[in-house]
Amino acid sequence: MAATALVEDRAPARAAPAGWEARLELRFEREVSRTVLAARRHIGPLRVQKALYPEGPGVCQVVVVHPPGGIVGGDSLTIEVDAGLRAHAQLTTPGAAKWYRSAGAVARSDTTLRVAAGALVEWLPQETMLFDGARATIRLGVELAEDARFIGWDMTQLGRTASGERFASGRVQQTLELIRGDAMLWCERAVLDGGSRALQAGAILDGAPVFGTMIAAGADV
């Protein structure tokens, strides 16, 4: 079996007045019966430390880490994942993504998952936790080849309800898109304003502080 090529290009993280800019690019490939993390590149405070195999060599798991521990107004996070032919990648996070109160600037997260023929990507992060006053724009895009498979979820919590906090101010804009070839299979978009009457409407959240979507997509699903 050929040696795995693992490339890591590190650029020094730097803070700008507008916030952190972080980027993570990962590529998974299949080598005989094993999926490997063939390439990784990160800029700023967003990275993975090592490939894990809790389910055996066929499934490569990585934990996406954001060392600052929270996202503030002006931050920009970009994740791009490519799973090659017949690769099986599983991605998760060590804890909830905490979006802190903003003084006005919007924080952004943009994730794109590209899944090649015969490949499977499992996107299983911990929940997104929006503090009161957070201003967030969050996008998840999944691009599937004709016989590629995907299973994943997107969970959001409004406010720290365990400590009595509600999402009384701020705004979140969320987009979830699933594309196979040139066809849009699923498109979900939401704009929620903290403290708005819409959050209490029965047709929207009916006062619930937590909501989410789970998607399983395959040739026969």
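**Group meeting: a walk through the strands, the core and a few side chains**

Let's start with strand S7, residues 76-83: six of its eight residues are buried, so S7 is largely enclosed by the rest of the structure. Before I go on, please keep in mind that this is a predicted model.

So what sits beside S7? Strand S3, residues 19-31, pairs with S7 in the parallel sense, and eight bridges join them. If you want a place to look on your screens, find Arg23, which stands opposite Thr78 in S7. S7 also runs parallel to S10, again over eight bridges. There, Leu77 stands opposite Ser109 in S10. A general reminder for anyone tracing along a strand: in a regular one, side chains alternate between the two faces of the sheet.

Now to the nonpolar core. The largest one has 44 residues. Which residues have the most contacts inside it? They are Leu26, Phe28, Leu91 and Phe150. Strand S13 supplies the largest share of this core, with five residues.

Let me pick out Leu91. Setting aside neighbours within four places in sequence, Leu91 touches two of those other well-connected core residues, Leu26 and Phe28. Its contacts also include Val62, Val64 and Val81, and the run from Val121 through Glu122, Trp123 and Leu124 to Pro125.

Next, a polar residue that I enjoyed looking at: Thr35, in strand S4, which covers residues 34-43. Is Thr35 buried or exposed? Thr35 is buried, with a relative accessible area of 0%. What does its side chain reach? One partner is the backbone oxygen of Gly58, at 3.0 Å. The other is the backbone nitrogen of His88, at 3.1 Å. Leaving out neighbours within four places in sequence, the residues in contact with Thr35 include Phe28, Glu29, Arg30, Tyr53, Pro57, Cys60 and Ala87, along with Gly58 and His88 themselves.

Tyr53 comes up again with Arg34. Arg34 lies over the face of the Tyr53 ring, at 4.4 Å from the ring centre.

On to aromatic pairs. How many does a search of the whole structure find? The search finds one. The partners are Tyr100 and Phe131, arranged edge-to-face, with 4.9 Å centre to centre and 75° between the planes. Tyr100 is in the loop between strands S9 and S10, and Phe131 is in the loop between S12 and S13, so the pair ties together parts that are 31 residues apart in sequence. As for accessibility, Tyr100 is partly exposed, with a relative accessible area of 31%, whereas Phe131 is buried, at 10%.

Finally, two backbone angles to look at. Val32 has a phi near 55°, a positive value in a residue other than glycine. Val32 lies in the loop between S3 and S4, and Val32 is exposed, with a relative accessible area of 65%. Arg86 is another non-glycine residue with a positive phi, near 65°. Arg86 lies in the loop between S7 and strand S8, residues 88-92, and is partly exposed, with a relative accessible area of 48%.

That brings us back to S7, the strand we began with, which is largely enclosed by the rest of the structure. Thanks, everyone!

Key:
Residues are numbered from 1 along each chain as its sequence is written. This is a predicted model: local features need pLDDT of at least 70, side-chain atom pairs count only at pLDDT 80 or more; totals for chains, interfaces and linings use all residues. Side-chain values use heavy atoms; hydrogens and water are left out. Rings of Phe, Tyr and Trp (its six-membered ring) pair if their centres lie within 6.5 Å; planes under 30 degrees apart count as stacked, over 60 as edge-to-face and the rest as tilted. Helices (H or I, at least four residues) and strands (E, at least two) are DSSP runs, numbered from the N terminus. Buried means under 20% relative accessible area, exposed over 50%, partly exposed in between (1.4 Å probe, protein chains only). A charge sits over a ring if NZ of Lys or CZ of Arg is within 6 Å of the ring centre and within 35 degrees of the ring normal. A polar contact is a pair of N or O atoms within 3.5 Å; within protein, one must be able to donate a hydrogen and the other to accept it, and residues adjacent in sequence count only if both atoms are side-chain atoms. Contact means heavy atoms within 4.5 Å. A nonpolar core is a set of buried Ala, Val, Leu, Ile, Met, Phe, Trp, Tyr and Cys residues joined through side-chain atoms within 4.5 Å. Two strands pair if DSSP finds at least two bridges between them.
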